[in-house]
Amino acid sequence: MGRLINPRHVLITGASGGIGAALAQAYARDGVLLSLCARNLVNLQQVANACERKGARVNINSIDVTDIDALQSWVLDRDAAEPIDLVIANAGKTLNVGPNGEEESWADTKALLSINVDSALATIIPLIAPMRQRRRGQIALVSSLAAYRGMAITPAYCASKAAVKAYGEALRGLVAAEGVAVSVICPGFVDSDMSREFPGRKPFMINADQAAMIILKGLARNRPRIAFPFPLNLGTWLLAMLPASLADFILQHISYGRSR
Ligand SMILES: NC(=O)c1ccc[n+]([C@@H]2O[C@H](COP(=O)([O-])OP(=O)(O)OC[C@H]3O[C@@H](n4cnc5c(N)ncnc54)[C@H](OP(=O)(O)O)[C@@H]3O)[C@@H](O)[C@H]2O)c1
């Protein structure tokens with residue numbers, strides 16, 4: 001059922017740092033073509049150099065994923081160059097409430113949804129039909145454990161990741177019979193530029209290389225949901241299972257470590 005142990009062409013958005021850069025290096029080997037995008041071309045080139053040293057062929061492109069036309073024409077060009085076996089919609093940003101609990105502005109919320117939801121779906125949607133036609137391909141959407149249950153410290157981010165999680169779960173059922181695999185990736189805290197912006201404590205944080213290996217193994221097994229690390233996955237899953245009022249009570253009594 002669309003299980004790809006060794007994808008030959010992997011496209012990753014947001015590959016200039018953090019999890020995306022670590023994933024690019026995890027997939028880099030002889031015979032693999034990597035198509036990588038992000039805005040920062042200098043960082044992207046460094047990632048490409050490291051991947052080429054491992055034997056991969058690498059195509060990099062400086063794209064702001066909120067430019068949907070540029071994003072989609074790049075994705076389709078890359079698929080035309082060599083059929084994409086695995087697409088990972090990884091580019092994303094975060095947003096938190098203010099230090100004194102100030103709500104997120106509409107402008108910031110809109111910008112976040114634009115990258116985390118619109119651009120993520122715009123990355124993968126052009127590839128669904130070609131993959132279905134080929135009866136081969138794998139789609140991965142990077143969500144978050146924050147998708148399981150809304151948290152007061154980061155409402156818009158939780159909403160964006162819940163949207164991506166629901167979309168990926170739905171798409172998996174739609175295309176499974178046609179040999180296309182879909183996985184939703186739900187990391188907990190991973191050390192990166194993004195997680196450094198998070199103002200609270202970061203329990204069970206792992207590094208980006210560790211996250212990339214967990215994701216690579218999960219995708220090779222065509223796992224529907226690749227959620228980690230285990231203790232935080234269990235905790236957030238339980239929160240979502242509890243009656244909402246009990247989950248509210250628990251969350252209200254968790255200190256995020258902010259000055260408030
Ligand atoms: N780190 C965590 O704890 C954590 C936990 C759960 C989920 N995640 C998710 O994992 C994904 C990767 O996050 P990360 O931790 O690796 O963050 P990161 O280190 O900040 O990397 C984010 C990547 O996205 C790219 N990006 C951001 N905005 C972009 C834009 N407008 N156009 C093109 N590329 C853009 C960045 O590249 P440029 O700046 O060069 O454009 C960078 O390559 C995100 O979807 C995030 O929500 C992270």
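Me: Where does Phe204 lie, and which sign does its phi have?
Reply: A quick word on the model first: it is predicted, so local features need pLDDT of at least 70 and side-chain atom pairs count only at pLDDT 80 or more, while totals for chains, interfaces and linings use all residues. Residues are numbered from 1 along each chain as its sequence is written, and side-chain values use heavy atoms, with hydrogens and water left out. Phe204 lies in the loop between helix 6 and helix 7 (208-220), where helices (H or I, at least four residues) and strands (E, at least two) are DSSP runs numbered from the N terminus. Although Phe204 is not a glycine, its phi of about 60 degrees is positive.

Me: Is Phe204 buried or partly exposed?
Reply: Buried means under 20% relative accessible area, exposed over 50%, and partly exposed in between (1.4 Å probe, protein chains only). With a relative accessible area of 48%, Phe204 is partly exposed.

Me: What about Arg135, buried or exposed?
Reply: Arg135 sits in the loop between helix 4 (106-134) and strand 5, and its phi is near 55 degrees, a positive value in a residue other than glycine. Its relative accessible area is 54%, so Arg135 is exposed.

Me: Why is strand 6 largely enclosed by the rest of the structure?
Reply: Val180, Val182, Val184 and Cys186 point one way from strand 6, Ala181, Ser183, Ile185 and Pro187 point the other way, and all are buried. In a regular strand the side chains alternate between the two faces of the sheet. Strand 6 (residues 180-187) is largely enclosed because its buried residues number eight of the eight.

Me: Which residue of strand 7 stands opposite Cys186?
Reply: Two strands pair if DSSP finds at least two bridges between them. Strand 6 and strand 7 (residues 225-228) pair in the parallel sense over four bridges. Opposite Cys186 stands Ala227.

Me: Which peptide bond is cis, with omega near -5 degrees?
Reply: Look at Pro229, in the loop between strand 7 and helix 8 (230-241). The cis bond runs from Phe228 to Pro229.

Me: How far is a backbone N or O atom of Val190 from an oxygen atom of the ligand?
Reply: A polar contact with the ligand is a pair of N or O atoms within 3.5 Å. An N or O atom in the side chain of Lys161 is 2.9 Å from a ligand oxygen, and a backbone N or O atom of Gly188 is 3.4 Å from one. For the backbone of Val190, the distance is 2.8 Å.

Notes. A polar contact is a pair of N or O atoms within 3.5 Å; within protein, one must be able to donate a hydrogen and the other to accept it, and residues adjacent in sequence count only if both atoms are side-chain atoms.
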